[in-house]
Amino acid sequence: MPNSVLAHLIKIQRDFLWGATEGKRKIAWVKWDAICCSKAKGGLGVPDLRRRNWAMLGKWWYRLGDGREGLWKRVVKDKYYDGEGEVSMIDVDTVRVSNIWGDIICVGGQSMKLKSMLVKGFRWEVGDGCRVSFWRDVWAGNKSLRDLCPRLFQLAEYKESKVKENGLWEGASWKWDLKWRRERLGREQDEEKKFWEVLGSVQLRQSVVDTWQWTHEIGGNYTVKTAYDYLESVDSLLEGHLCKLVWCGLVPSKVSFFGWRLCLDRLPTRWNLQKRGMVFQGDGMECGLCKEGVEDVNHLFCTCKLAWSVWVKVIRWWGLEVVMPDKVRDVADFFLWCLGHLVGKEMGACIFLVVAWYLWYWRNVLVFQKHGDFREQLLEVIQGKSFFWIRNKVEGCVFSFVQWQNNPVECAKELSRYKKSLKIFKQQQGRC
Ligand SMILES: [Zn+2]
């Protein structure tokens, strides 16, 4: 896929995510690489079209070397390679390549990461040894023999030889016959020991074509999926427990998306807006709730006295002791570990997300509508909405709102028992 088309498609995806429209730009709060990162690593798991394209181009690379004949391979070789032997798509002279073949032939030039994957991700499954470079390819052990035994490589008479040129068949058994420039001495002899050990582990096979093996998949077949996963270059954005918290199965996806931005500190708090130059003169950075502290994510969702009073009510509703944390992540940890210990991490995550969602909602009402303070009803709103969302997510679950309000722990345990029995029932149905 041409890069201009890719860039256009990615722009459509990005505008959709952040709500940008024709002529109206919006802040992209999280960089695109991170959004395409898998959910397990703290991303949104949005398909990365560029990476997918690379992984598919890698398939052409694999098919070029997999030993099977094909008309397209003959075309490529005749048109773009002067030399004898195997085609290398990594070091092709790009000037000579037509647009039609450009992306495929110069696949190694698309990105360093892709090039490295292609160089390191394949090894030869040696058959008759006609196609494999004895010293330079990876076919015995995990490295090329040149890298494994650099001193011996210097002594080798035929550095560019193929595997089959370094021995001969005596009946059905293969005998190695290496040509050296002189006797091996000292450390060279140590290397030689390793060298013969590695060679001893390989068995050549007469009349079997050498093939490429993809090292990231059992069975050696290249798959676009393994390449796509391998090419994911972003380090983890969130710790594993926070990823699980964000994607807990009891809240709607809009709440998960909000929780994800909260954990990454990518909500438009006044502090974050100011950092991006978005607060105009006259606007302070004070908290939208208490109007006192600086509105960053830790203040707004944790140390703000108004927000904290809501957390305290919720924690008491669950019959737990209150410990005052400093950071919003500590609050998340509290719900995951303390409430989680009592009724399961999924429920702990759910309650944390619902409260945070409504704190943000309350803040937005105060900032944008300048009225409608509903602090007195907030606990009831949180109880009502969590009840509603959980009931929507877990079909057939039976407890009333009054029970939920008065004894949430028992309701949560009931829910957990119900989900377990549902799972067993589905497993049994699957077996029938
Ligand atoms: Zn505040």
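Q: Which residues are exposed on the other side of helix 6 from its buried ones?
A: This is a predicted model, in which local features need pLDDT of at least 70, side-chain atom pairs count only at pLDDT 80 or more, and totals for chains, interfaces and linings use all residues. Residues are numbered from 1 along each chain as its sequence is written. A residue is exposed if 12 or fewer other C-beta atoms lie within 10 Å of its own, buried if 20 or more do, and partly exposed in between, with C-beta atoms placed from the backbone. On that other side of helix 6, the exposed residues are Met-112 and Val-119.

Q: Within what arc do the buried residues of helix 6 fall?
A: Helices are DSSP runs of H or I with at least four residues, strands are runs of E with at least two, and both are numbered from the N terminus. In helix 6 (residues 112-121), the buried residues are Leu-114, Met-117, Leu-118 and Gly-121. They line one face of helix 6, because, seen down its axis, they fall within an arc of 95 degrees. The arc is that of the directions from the helix axis to the C-beta atoms, and its value here is 95 degrees.

Q: Which residue of strand 4 is the bridge partner of Trp-124?
A: Two strands pair if DSSP finds at least two bridges between them. Strand 1 (residues 122-125) and strand 4 pair in the antiparallel sense over four bridges. Strand 4 (residues 211-214) has Thr-211 and Gln-213 on its uncovered face, with Trp-212 and Trp-214 on the covered one. The bridge partner of Trp-124 in strand 4 is Trp-212.

Q: Which residue takes a positive phi in the hairpin of strand 2 and strand 3?
A: Strand 2 (residues 167-170) pairs with strand 3 (residues 173-176) in the antiparallel sense, over four bridges. Among the partners, Gly-167 is bridged to Trp-176. Two residues lie between the strands of this hairpin, and the residue with a positive phi, near 65 degrees, is Gly-171.

Q: How many residues does helix 17 give to the largest nonpolar core?
A: A nonpolar core is a set of buried Ala, Val, Leu, Ile, Met, Phe, Trp, Tyr and Cys residues joined through C-beta atoms within 7 Å. The largest has 55 residues, and those with the most contacts inside it include Phe-301, Phe-352 and Leu-353. Helix 16 (328-343) and helix 17 (345-369) are among the helices that each supply at least two residues of this core. Helix 17 gives the most, and its share is 15 residues.

Q: Which residue just after helix 16 takes a positive phi?
A: Helix 16 has 16 residues and reaches 21 Å from its first C-alpha to its last, close to the expected 22 Å; the expected span is 1.5 Å times one less than the number of residues. Its buried residues include Phe-335, Leu-336 and Leu-339. Just after helix 16, the residue with a positive phi, of about 100 degrees, is Gly-344.

Q: Is Lys-291 buried or exposed?
A: Most residues other than glycine have a negative phi. Lys-291, although not a glycine, has a positive phi of about 60 degrees, and its place is in the loop between helix 13 and helix 14 (297-303). With 11 other C-beta atoms within 10 Å, Lys-291 is exposed.
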